[in-house]
Amino acid sequence: MIRSMLRMVTSPADQDEALTILCSMAARTRAVSGCVACRVYRDAQQDRALLIEAIWQKEADLNKHLRSEEFRNILL
């Protein structure tokens with residue numbers, strides 16, 4: 001299994017919107033073939049930090065996701 005994590009720090013004004021977007025993306029990612037789990041977390045030590053974690057069956061599944069338009073939208 002392959003674990004991927006993306007941590008981001010948002011501005012206070014953007015945190016709620018970012019959390020909504022990440023939760024929506026996590027739900028869609030869980031439906032992707034090869035995804036074992038996908039979760040969103042808030043950092044308990046830094047209020048504005050969010051983390052999205054995904055667990056993939058194979059590296060090829062993760063690589064396909066990293067090249068997807070869905071993932072690119074998160075980076076934007």
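A salt bridge is a side-chain nitrogen of Lys or Arg within 4 Å of a carboxyl oxygen of Asp or Glu. With that in hand, a search of the whole structure, which is a predicted model, turns up 3 salt bridges. Before getting to them, it helps to look at the framework they sit in.

Start with the sheet. It is an open one with 3 strands, arranged in the order β1-β3-β2 and paired in the antiparallel sense. The two edge strands are β1 (2–9) and β2 (35–42), and each of them has a partner on one side only. On average, neighbouring strands are turned by 10° against each other, with direction ignored. Between β1 and β3 (residues 49–56), the antiparallel pairing runs over 8 bridges. Within this pairing, M5 stands opposite E53 in β3.

Helix α1 (residues 15–30) packs on the sheet and touches β1, β2 and β3, with its direction making about 170° with that of β2. How far apart are the end C-alpha atoms of α1? They are 22 Å apart, and this agrees with the 22 Å that 16 residues should span at 1.5 Å a residue.

Next comes the question of which side of α1 is hidden. Its buried residues are Q15, A18, L19, L22, M25, A26 and T29. Looking down the axis of α1, these buried residues fall within an arc of 135°, so they line one face of the helix. The general rule behind such patterns is that an α-helix has 3.6 residues a turn, so residues three or four places apart point the same way. The buried residues of α1 pack against β1, β2 and β3, and also against α2 (59–66) and α3 (69–75). Turned away from that buried side is a face carrying the exposed residues D16, E17 and T20.

Helix α2 can be read in a similar manner. Here the buried residues are D61, L62 and H65. Seen down the axis of α2, they fall within an arc of 95°, so they too line one face of their helix. What covers them includes β1, α1, β3 and α3. Over on the other side of α2, the exposed residues are E59, A60 and K64.

Now back to the salt bridges. One of them joins R3 and E53, whose closest N and O atoms are 2.9 Å apart. R3 lies in strand β1 and E53 in strand β3, so this pair ties together parts that are 50 residues apart in sequence. Are the two partners buried or exposed? R3 counts as exposed because its relative accessibility is 52%, where exposed means over 50%. E53, on the other hand, counts as buried at 10%, where the cut-off is under 20%.

Another salt bridge brings together the side chains of D43 and R7, at 3.1 Å from N to O. This pair links distant parts of the chain, with D43 in the loop between β2 and β3 and R7 in strand β1, 36 residues apart. D43 counts as partly exposed at 25% relative accessibility, and R7 is partly exposed with a relative accessible area of 46%.

The remaining pair is E70 and R28, with the closest N and O atoms 2.4 Å apart. It connects two helices, since E70 sits in α3 and R28 in α1, 42 residues apart. E70 is partly exposed at 26% relative accessibility, and R28 is partly exposed at 41%.

Methods
Residues numbered from 1 in each chain as written. Predicted model: local features only at pLDDT ≥ 70, side-chain atom pairs only at ≥ 80, totals over all residues. Heavy atoms only, no water. Pairing = 2+ DSSP bridges. Helix = DSSP H or I, 4+ residues; strand = E, 2+ residues; numbered from the N terminus. Axes fitted to C-alpha atoms, helices over the stretch in contact; angles between N-to-C directions. Contact = heavy atoms within 4.5 Å. Expected span 1.5 Å × (residues − 1). Buried < 20%, exposed > 50% of the residue type's maximum accessible area, 1.4 Å probe, protein only. Arc of directions from axis to C-beta.
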